[in-house]
Amino acid sequence: MAPKRMTAPAITAMKKSGDKVVALTAYDRVTATIIDEAGVDLILVGDSAAMVVLGYENTLPVTLDEMLMLTAAVARADTRALVVGDMPFMSYQASVSDAVRNAGRFVKEGGAGAVKLEGGKKVVPKVGAVLEAGIPVMGHIGLTPQSIHELGGYRVQGKDETARRMLVDDAVALSEAGCFAIVLEAMPAELGREITEAVDVPTIGIGAGPRCDGQVLVISDIVGMTAGRVPKFVRRYGDVRSVLSEAARAYVRDVRSGDYPGEDESY
Ligand code: KIV
């Protein structure tokens, strides 16, 4: 029997059952298939694709059309995991109608089962309107990379009492607005715990400590594809960069030497 497909309500129900929500990013069909077979519950087609796949410096330049193309590729993997499309910068900030129309494109054209958008109380009217259109929404607070200019860079959030209070209030507002889960990015573990206890929906941490209801990481970070430094919260589970590099070097060597193709690799 095929495993039961994950839905937004099924993710929400994991808070009550106490099952950890396991989430990873993916940006293409092959990777989505592999991580789905490994048992992840939620695949986020994150706007981290801007850097990871498209080579931009941060997440701000990635366009809605680029995100839709990647989301559709992931959705074609036909996964058990819930596919969540990440709404890129300026696809929902300007108006409620933008938010609804563009969230709708993630479902209609991208094949997503839900969308994610960044922000707390400020985005509640947009969350409500997208939900009214029948599209589940995942919240995202803490370090919200679409606001790096406002935040002054990639910094751990919620370190003083005022910021801590605001993040708890934001999380409660998103939970009450109907988000099916909330991503908590880069905050003290103690605040991750406090927010997790304050809301009725699963918190999915990325650098928010072990007491969140689930965890999400960027696939290229955990498999060792990312060049250079990765954040402190990343645990590396593989070294795909070395595997690819060694294979490519061996191929270059074999073609140059005439060793490839051999008789049995020729018609
Ligand atoms: O874009 C992304 O990959 C994300 C996760 C890091 C939560 O938003």
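**Exercise 1.** Is Glu190 buried, partly exposed or exposed?

*Solution.* This is a predicted model, in which local features need pLDDT of at least 70, side-chain atom pairs count only at pLDDT 80 or more, and totals for chains, interfaces and linings use all residues. Residues are numbered from 1 along each chain as its sequence is written, and side-chain values use heavy atoms, with hydrogens and water left out.

Step 1. Take the cut-offs: buried is under 20% relative accessible area, exposed is over 50%, and partly exposed is in between (1.4 Å probe, protein chains only).
Step 2. Glu190 has a relative accessible area of 49%.
Step 3. Glu190 is therefore partly exposed.

**Exercise 2.** Find the salt-bridge partner of Glu190 and place the pair.

*Solution.* Step 1. A salt bridge needs a side-chain nitrogen of Lys or Arg within 4 Å of a carboxyl oxygen of Asp or Glu.
Step 2. The partner is Arg193, with the closest N and O atoms 2.3 Å apart.
Step 3. Both residues sit in helix H9, 3 residues apart, so about one helical turn separates them. Helices here are DSSP runs (H or I, at least four residues) and strands are DSSP runs too (E, at least two), numbered from the N terminus.

**Exercise 3.** Which parts of the chain does the salt bridge between Arg164 and Glu194 tie together?

*Solution.* Step 1. The N to O distance is 2.4 Å.
Step 2. Arg164 lies in helix H8 (residues 161-177) and Glu194 in helix H9 (residues 189-198), so the bridge ties together parts 30 residues apart in sequence.
Step 3. Arg164 is buried at 18% relative accessible area. Glu194, at 23%, is partly exposed.

**Exercise 4.** Describe the salt bridge between Glu150 and Lys122.

*Solution.* Step 1. The N to O distance is 3.9 Å.
Step 2. Glu150 is in helix H7 (residues 148-151), while Lys122 is in the loop between strand E4 (114-116) and helix H6 (124-132). The two are 28 residues apart.
Step 3. Both residues are exposed.

**Exercise 5.** How many salt bridges does the rule give?

*Solution.* The count is 14. Shared partners also join Asp65, Arg105 and Glu109 into one network.

**Exercise 6.** What surrounds the ligand?

*Solution.* Step 1. Take residues with a heavy atom within 4 Å of the ligand. Among them are Thr25, Leu44, Ser48, Asp86, Lys116 and His140.
Step 2. Look at side-chain N or O atoms. An oxygen atom of the ligand is 2.5 Å from one in Ser48. For Lys116 the distance is 3.1 Å, and for Asp86 it is 3.3 Å.

Definitions and conventions: A polar contact is a pair of N or O atoms within 3.5 Å; within protein, one must be able to donate a hydrogen and the other to accept it, and residues adjacent in sequence count only if both atoms are side-chain atoms.
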